[in-house]
Amino acid sequence: MVEHQDSHRYFLQWFVAQSLTTERNARQLHEKACNKYDVHYDADSFSAFISIINKNLKPIFMEIRHGKSEDDGTSYYALVNCSEDEHSKLATSFTANEIAFFKRVLESIVSSDDGYLPSMTLVNLGSELDVKISASASESLLTKLVEEKWLTEIDGDFSLGPRTLIELSMYLKNIYNEEIPDCKMCMHIVIKGQTCANCGVRIHLYCAARFFKGRDLDARKCPGCQANWLHEVPRIRNQRETTNTSTNSDPEPGSSGLIHEMQRAGRTRTKRTSR
C-alpha cells in the first residue's frame, strides 16, 4: 500500500466529515494538513497528494473525485462511494422511499429540455410513488437534497447539484445514455446547457460564456458544425469559492464514523450483483 502519512489522514478525515467542498477550500486544506504535520508543502503536489489517498481508499471502494457545478463552473472535490448505483450512495442518510423519490427527480430533470424544473413539478412526483410522499414531505426532502448538494436550487428551479454530477456521472451515462451528451468544449456530461439548433451539439453554460465572450453575433459559431450560435451568451454568476463549511477548524475525532462508513461502503460494493 502507498505510504499514507498523518497529513493524508487529516485531509481524509475532514472530507469524511464534510463530503464535498470547492477546489479552493480543498487546496487550502492540503496546505493546512502539510503545515500541521511539518510536511513540505508544494501547491503543485495537490493532485499527487490526493492520488496517494485514493490508492489507499481503493480497496474499500471509495475515492476523492473532482467535478464542476453546471451553474457557474465552480470546481468541487467530493469523497464518493465508487459503487455505480444511486441506492448505495444515498443509503446512509435516505430511506428507500426517499431514494425512489430522488430517482424520479433525476429522471425528470435529465429528460427536461433545459436541465432544470420548477419546484412544484418535482413536489408532485411524491404522489406518483408506490408509497406516496406528501407535498410537504417532498418539499422538505428537496431542501435536504439541496443542502447536501445533490440538487441545486436557483429562483425556484432545481437542477442536478455538483455532488450528483461527481458521484453519479457514470450511473447517469449508463442509464440515460443518449439523453446525456458530453459537452463539446470540456467533454464532461452536460445536463444544463445550450444546444445548437442545427446539429444538436450541447455545451455547458459556463463553457458557452467563456467560449463566446467578447465575440460579435456574427462570430458566434457552433463548435461542432460552425452554424450560427443563436443563443445569448450566458451571464455566469461569480464562482462560489466558499461553502458552509470551513477548513479552519479541526475535524472532531470520531465524529466522521470513518471506519464504519468505509467498511459499510465496502460491503455494499461486495454484495452488489450485476444488472
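Two strands are taken to pair if DSSP finds at least two bridges between them, and helices (H or I, at least four residues) and strands (E, at least two) are DSSP runs, numbered from the N terminus. In these terms, β5 and strand β6 (residues 157–160) pair in the antiparallel sense over 4 bridges. The structure is a predicted model, in which local features need pLDDT of at least 70, side-chain atom pairs count only at pLDDT 80 or more, and totals for chains, interfaces and linings use all residues. Residues are numbered from 1 along each chain as its sequence is written, and side-chain values use heavy atoms, with hydrogens and water left out.

The pair just described belongs to an open sheet of 3 strands, ordered β4-β6-β5 with antiparallel pairing. Its edge strands, each pairing on one side only, are β4 and β5 (151–154). Within the sheet, E153 has F158 of β6 as its bridge partner. Helix α7 (residues 135–147) lies across β5 and β6 (contact means heavy atoms within 4.5 Å). Its direction is at about 105° to β5, where axes are lines fitted to C-alpha atoms, for helices over the stretch in contact, and angles run from 0 to 180 degrees between N-to-C directions.

Another open sheet, also antiparallel, has 3 strands in the order β1-β3-β2. Here β1 (20–22) and β2 (62–68) are the edge strands, each pairing on one side only. From one strand to the next, the twist averages 25°. β2 pairs with strand β3 (residues 75–81) in the antiparallel sense over 7 bridges, and E63 has V80 as its bridge partner in β3. Helix α3 (residues 46–57) packs on this sheet, touching β2 and β3, and its direction makes about 140° with that of β2. Helix α2 (residues 23–36) lies across β1, β2 and β3, running at about 95° to β1.

Helix α2 also meets helix α1 (residues 6–18): their axes come within 8 Å and cross at roughly 140°. The contact involves residues including Y10, F11 and W14 of α1 and L29, H30 and A33 of α2. The two helices are therefore oblique to each other; angles under 35 degrees count as roughly parallel, over 145 as roughly antiparallel, 65 to 115 as roughly perpendicular and the rest as oblique.

Finally, S112 sits in the loop between α5 (96–111) and β4 (117–118). S112 counts as buried because its relative accessibility is 17%, buried being under 20% relative accessible area, exposed over 50% and partly exposed in between (1.4 Å probe, protein chains only). A polar atom of the S112 side chain lies 2.6 Å from the backbone oxygen of I109. The S112 side chain also reaches the backbone nitrogen of G115 at 3.0 Å.

Technical notes. A polar contact is a pair of N or O atoms within 3.5 Å; within protein, one must be able to donate a hydrogen and the other to accept it, and residues adjacent in sequence count only if both atoms are side-chain atoms.
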